[in-house]
Every structure is written in structure tokens, then in C-alpha cells.
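Student: Before we talk about single residues, could you show me the model and tell me how you would read it?

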Amino acid sequence: MNDKQIQSCIEHVPIFTALNQAEKDQLILVAKHEAYAKSDFIYMAGDELEALYVVHKGNVKIIKYTSDGKEQVLRILKHGDFFGETALFGNKLVDSFAEITSDAVICKIEQSSFTEIINRSPQIATKMLSELSKRLQKLEETITFNNLKSADAKIAKYLIDAAVDHIVTLTTTKKNISALLGITPETFSRRLKSFAENGHLKLITNKKILITNPQYLEALIY
């Protein structure tokens, strides 16, 4: 990865948005990158987390396994998304798995390098913590929503959030999306088909969806 690509990684990470350019430049200097193939694991449960990771290319899913071996998808990550941020404030053992779902390039900032930077510029940590608190609040809202809402509402919210100009491009498998929403793949496919048959969606391809009636989907959410 060249310097321009590493800069792009830092510029697109939400927890770095409050930093000025000089502060971002410090992070760019210590950022590294690694290439991964589909089905690789960046880390596994029980590993010591020592870095912040940023998805530059490809996709990553963060998962846990229940006691009976069932996969639970916590997050699905794409370009600009980040994970492992707790490592920036101290090493810890993780209880989840980070699995590559399509060939990926990952930017990485090691905890030791980050510590050196905030020792010189402690305001960086303060700004980042503010952004992290916003992310935690959003995560709590998502968990509450998924616990209380119907399958239709969950799917509607996913589509509305993922849409760009009313077009949704599925960047991972329907199985992964279903696990993220806490529904079965069969339910996900069946409800998409029902939405399409009733004129609320148009299934352009297996990976691309046009939202034709956003008002209907938004009404399901609320």
C-alpha cells in the first residue's frame, strides 16, 4: 500500500474525524498495512488485541460462537470501518473473531505506536474518546432495536441505512446479513421477495436492490 492509500485509511475512520491534519499526519506515519485472503482470521477469541484495524479493501465480519457452536455475527465491516479500537487504550484479550469474508487490505495502528503519539499529543486521545462514546451509543440503540422489532422492521432499517440514492448493494452474503439482524437466511430472502412483489423494492440482481417505496420501509422502522 502506498502513502496515499494509508492516508485514505486514516482520513475515512470516524474516530479520527475530530483530529486536525497535523494530528492525522502523526497517525499516517505509524500506520501499516496487511493483505488477507478470504476466510483468514485477523484475530481469534483469546488473542491479545494490540492494534486498531481499518478496512481499506474487502470485507470483515466480527463474530462470536454460542455454547452450541452457532455463529453470531456482531458486525459486518467494509471500506472505512474500523475495529479493535480498545487496543489503543491498553492491551486486552478478545472474546470474538475477526474473519475476512472477501480478499482484503487492512490498515493497522499498533498500540505501542499510538501510545507514543498520545504521550506527545494527549488531545488526540481526548478527541477520539468523544467519537468512541458516540459509537457506543449508536451500538446500544442498534441492539435495542434488534431486540424489540420485527423481522420486517430489521430488514427495512438495514436497507434504508445501506442505501445510496435508493440503491442497496449487498457487500456480503445474505447469510451474514441475516445473522447480523438475528433472523434466518430464509426469512431474509422471503421478506425481500414479499417487499418486491408488493412494489416496495425491485431486486435488480442478487446483490443489488432498488428501493422503490422508501416511505413504506421507513414506516416499518417507526
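Tutor: A residue is called buried under 20% relative accessible area, exposed over 50%, and partly exposed in between. Please keep in mind that this is a predicted model.

Student: With that cut-off, does Asp165 count as buried or exposed?

Tutor: Asp165 lies in the loop between helix H5 (151–162) and strand S9 (167–169). Its relative accessibility is 71%, and because the limit for that class is over 50%, Asp165 counts as exposed.

Student: What is the phi of Asp165?

Tutor: Most residues other than glycine have a negative phi. Asp165 is a residue other than glycine with a positive value, and its phi is near 55 degrees.

Student: Which residue in the loop between H5 and S9 has a positive phi of about 70 degrees although it is not a glycine?

Tutor: The residue is placed in the loop between H5 and S9, and at 44% relative accessibility it counts as partly exposed. The residue with a positive phi of about 70 degrees is His166.

Student: Turning to charged pairs, how many salt bridges does the structure hold?

Tutor: Side chains of opposite charge can pair when their charged atoms come close. One of the pairs is Lys157 with Asp161, at 2.8 Å from N to O, and the number of salt bridges that the structure holds is 7.

Student: How far apart along helix H5 are Lys157 and Asp161?

Tutor: Lys157 is partly exposed at 25% relative accessibility, whereas Asp161 is exposed, with a relative accessible area of 53%. Both residues lie in helix H5, and their separation, about one turn of the helix, is 4 residues.

Student: Which parts does the salt bridge between Glu23 and Lys127 tie together?

Tutor: In this pair the closest N and O atoms are 3.1 Å apart. Glu23 lies in one helix and Lys127 in another, so the salt bridge ties together parts that are 104 residues apart in sequence, namely helix H2 and helix H4.

Student: Is Glu23 buried or exposed?

Tutor: Its partner Lys127 is partly exposed, with a relative accessible area of 26%. For Glu23 the relative accessible area is 4%, and because the limit for the lowest class is under 20%, Glu23 is buried.

Student: Which strands hold Glu110 and Lys32?

Tutor: The side chains of Glu110 and Lys32 meet in a salt bridge with an N to O distance of 3.4 Å. The two residues are 78 apart in sequence, so the pair ties together two separate parts, Glu110 in strand S8 (residues 97–110) and Lys32 in strand S1 (residues 32–36).

Student: Which residues does Gln26 touch, not counting residues up to four places away in sequence?

Tutor: Gln26 has its place in helix H2 (residues 21–30). The C-alpha atoms of Gln26 and Ile117 are separated by 7.1 Å, although the two residues are 91 residues apart along the chain. Not counting residues up to four places away in sequence, Gln26 touches Ile117, Arg120, Ser121 and Ile124.

Student: At what angle do the axes of H3 and H4 cross?

Tutor: Two packed helices are described by the angle between their axes and the distance between the axes. The axes of helix H3 (residues 111–120) and helix H4 (residues 123–148) come within 6 Å, and they cross at roughly 110 degrees. H3 and H4 are therefore roughly perpendicular to each other, and the contact is made by Phe114, Ile117 and Ile118 of H3 with Ile124, Ala125 and Met128 of H4. The angle asked for is roughly 110 degrees.

Student: How far apart are the axes of H6 and H7?

Tutor: Helix H6 (residues 174–181) and helix H7 (residues 185–197) pack at an angle of about 100 degrees, which makes H6 roughly perpendicular to H7. Residues that meet here include Ile177 and Leu181 in H6 and Phe188 and Leu192 in H7. The distance between the axes is 8 Å.

Student: Is His200 buried or exposed?

Tutor: His200 is found in the loop between H7 and strand S10 (201–203). Leaving aside neighbours within four places in sequence, its contacts include Phe195, Leu210 and Tyr216. At 11% relative accessibility, His200 counts as buried.

Note on methods
Residues are numbered from 1 along each chain as its sequence is written. This is a predicted model: local features need pLDDT of at least 70, side-chain atom pairs count only at pLDDT 80 or more; totals for chains, interfaces and linings use all residues. Side-chain values use heavy atoms; hydrogens and water are left out. Axes are lines fitted to C-alpha atoms, for helices over the stretch in contact, and angles run from 0 to 180 degrees between N-to-C directions. Angles under 35 degrees count as roughly parallel, over 145 as roughly antiparallel, 65 to 115 as roughly perpendicular and the rest as oblique. Contact means heavy atoms within 4.5 Å. Buried means under 20% relative accessible area, exposed over 50%, partly exposed in between (1.4 Å probe, protein chains only). A salt bridge is a side-chain nitrogen of Lys or Arg within 4 Å of a carboxyl oxygen of Asp or Glu.
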